[in-house]
Structures are given as structure tokens and as C-alpha cells.
Amino acid sequence: METDPHFASRRDGDDDVDAADRSRRKRSELSDRLKFLAAMFRSPRRVSSVTPTSRQTAVEMARPIDCRSGLPVLELGPGTGPVTRAILDRGVAPGDLYAIEQSADLCRHLEKAFPGVNVIHGDAFDLDTTLAATGVSLFDCVISGIPLLSFGPERSDALLMSAIGRVPPGRPMVQITYSAKAPLQPSDPRVRMHRSARVVRNLPPASVWLYSRPD
Ligand SMILES: C[S@@+](CC[C@H](N)C(=O)[O-])C[C@H]1O[C@@H](n2cnc3c(N)ncnc32)[C@H](O)[C@@H]1O
């Protein structure tokens, strides 16, 4: 059978585009990993991981977002941005995402990689100060990649209370952990918590926990 030359050349062209796309994505992933490692060497306790969150875990972290709420989303500790990407893919407009990162280098990277996202160079443990200039006081949910286990129960509990005080009752702070147990035990017994996902295909395996105050 004769091949339609137009069709054949279009297919060849598509293959070239796919290959170029794949190689661009690989280069960008490698560059993200190197940036992540550099941040890890500069601030081992604050980064606390040698590799960015996997796509599957990032999707699980973004899943609880209610895109119909009309409220912005707050991300803590975006790193090189795998969760940022999943949040945007979930349908959040860049201008409705506020991302707080303590590393100036990573903030510069995030600003370039995610135009329009409100990248804030600051401390997630001091949301009053860090969010002051934004004028935003209510979010749909808070999605956190902060390695809470490195900071101890008291600081982590204070961060949790501060975060869930900025979302409506019943809406979550989403927290990733590599621990088999919950990343923190809230001091307030009214705070609800449950594990929403466990992703084995993450290095190391990760769990996603949701914390909220009662309706
Ligand atoms: C384990 S990494 C996770 C990065 C990213 N979310 C991911 O999934 O790959 C933790 C990130 O939190 C940031 N971080 C740690 N402490 C912070 C703080 N107090 N305020 C803001 N960001 C912080 C680190 O710089 C790092 O980028």
C-alpha cells in the first residue's frame, strides 16, 4: 500500500516535536532537581528531602481544592514547584495562588516558572507578617510542603492553628509527610484530621494528611 507522503511527513514531524518536548521536559526536571539539591545543601533542616515531590503526590495534595469557592489558595514551602504546578492544573488561576517560600533562590525560580503566581519570599511560621502586604485574610485551603517534623511539635502546632484560622471551618490544611504516622497531633482536640492519600511511588513514600476545624 502506498503511503500518503503528506501524512507520513506529518507523522515524522510529530515524532520530532514529541521527542523535542520530552527532551525539554527532561532538561527542566533535571534542572529542578539540581536547584532542589542546592537548596537542600544550603538549608538541610528546612528542605529536609533530596528530591522534589512526585507528580502523583502533588496531584493528591491539590485534590482537596474547591475551585468553586471563589477563594484563593495558599501554598507553603513550594520548593521548585511540583505542587504549585498541580494546583494550577487543578484550575486555580495564577493570580489566585499565594506561595510562601523561605529561599530567595527558589523564589526567583518560581517567579520565572509560574508567571502571575504571587510568590512571597518569607516565613510560613509567621503568616501575619508574611501575608500582611497581600491584604488577603481568607483562603479556600492551605497546602503545605513544609517539613514539619524538622521543626518540632510546638512550632508545627502553631503553624497549623494559624493556617486553619485562615480557611473557612471544615476546609483543610493539606500536609505532606514521609512519616508512617501523622505529621502532627493538634493541641486542640476539636481539630479533625485524616490521611487522604498514601503514595508509594514517591521517593520516599509519602502520605497526605488533612486538618480542619469543625464546621
Ligand atoms: C521538603 S521541601 C518541599 C518542596 C516542594 N513543595 C516539593 O513538593 O517538592 C520544603 C520546602 O519548604 C521550604 N521551607 C522550609 N521552611 C520554610 C519556612 N519557614 N517558610 C517558607 N518556606 C519554608 C524549603 O525551602 C523547601 O523549599
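How do the residues of the shell around the ligand divide into nonpolar, polar and charged? Keep that in mind while you get your bearings; we'll settle it at the second stop. One thing to know before you click: this is a predicted model.

**Stop 1: the whole chain**

Start with everything on screen, drawn as a cartoon. You should find seven helices and seven strands in the chain. Trace them along the sequence and you'll read α-α-α-β-α-β-α-β-α-β-α-β-β-β. The C-alpha atoms fill a box of roughly 75 × 40 × 35 Å, taken along the principal axes. Of the 215 residues in the chain, 36% are buried. Now think about who touches whom: among contacts with a separation of 6 or more, 68% are between residues 24 or more positions apart.

**Stop 2: around the ligand**

Select the ligand and show what surrounds it. You'll get 24 residues, and the closest are Pro-52, Thr-53, Gly-77, Gly-79 and Gly-145. Here's the answer to the opening question: the shell has 12 nonpolar residues, nine polar and three charged. Color α2 (44–47), α4 (82–89) and β2 (97–101), since each of these supplies at least two residues of the shell.

While α2 is colored, pick out Arg-46, which sits in that helix. Is Arg-46 buried or partly exposed? With 16 other C-beta atoms within 10 Å, Arg-46 is partly exposed; to count as buried, a residue would need 20 or more. Next, put a distance label between the C-alpha atoms of Arg-46 and Phe-151. They are 105 residues apart along the chain, yet the label should read 8.3 Å.

**Stop 3: helix α3**

Now select residues 55–62, which form helix α3. This helix is mostly covered, with six of its eight residues buried. Show Thr-57, Ala-58, Val-59, Glu-60, Met-61 and Ala-62 as sticks: those are the buried ones. What covers them? The cover includes α4, β4 (141–144), β5 (173–177), β6 (192–199) and β7 (206–212). Leave those strands visible, as some of them come back below.

**Stop 4: two helices with a buried side**

Jump to residues 104–113, helix α5, and highlight Leu-106, His-109 and Leu-110, which are buried. They cover an arc of only 100° around the axis, so they lie on the same side of α5. A bit of helix geometry helps here: an α-helix has 3.6 residues a turn, so residues three or four places apart point the same way. Spin the view to the face of α5 turned away from its buried side and you'll meet the exposed residues Ala-104 and Lys-112.

Then select helix α7, residues 153–164. How many Å should its 12 residues span? At 1.5 Å a residue, the expected span is 16 Å, and the end C-alpha atoms are 16 Å apart, which agrees. Show Ser-156, Leu-159, Leu-160, Ala-163 and Ile-164, the buried residues of α7. They cover an arc of only 115° around the axis, so these residues too are on the same side of their helix. Looking for what covers them? Try β4, β5 and β7, which are included in that cover.

**Stop 5: the strands**

Time for those strands. Begin with β5, where four of the five residues are buried. On one hand, β5 pairs with β4 in the parallel sense over three bridges; zoom in on Ser-144 and its bridge partner, Gln-175 in β5. On the other hand, β5 pairs with β7 in the antiparallel sense over five bridges. Here, look for Val-174, which stands opposite Leu-210 in β7.

Move on to β7 itself. Six of its seven residues are buried, so β7 is largely enclosed by the rest of the structure. It also pairs with β6, in the antiparallel sense and over seven bridges. For a landmark in this pairing, find Arg-198, opposite Ser-207 in β7.

**Last stop: the hairpin loop**

β6 and β7 form a hairpin with six residues between them. Click through the loop until you reach Pro-204. Which sense does the peptide bond from Leu-203 to Pro-204 have, cis or trans? Most peptide bonds are trans. The bond here is cis, with omega near -10°.

Methods
Residues are numbered from 1 along each chain as its sequence is written. This is a predicted model: local features need pLDDT of at least 70, side-chain atom pairs count only at pLDDT 80 or more; totals for chains, interfaces and linings use all residues. A residue is near a molecule or strand if its C-beta atom, placed from the backbone, lies within 6 Å of it. Ala, Val, Leu, Ile, Met, Phe, Trp, Tyr, Cys and Pro count as nonpolar, Asp, Glu, Lys and Arg as charged, and the others, Gly among them, as polar. A residue is buried if 20 or more other C-beta atoms lie within 10 Å of its own, exposed if 12 or fewer, and partly exposed in between; C-beta atoms are placed from the backbone. Two residues are in contact if their C-beta atoms, placed from the backbone, lie within 7 Å. The expected span of a helix is 1.5 Å times one less than its number of residues. The arc is that of the directions from the helix axis to the C-beta atoms. Two strands pair if DSSP finds at least two bridges between them.
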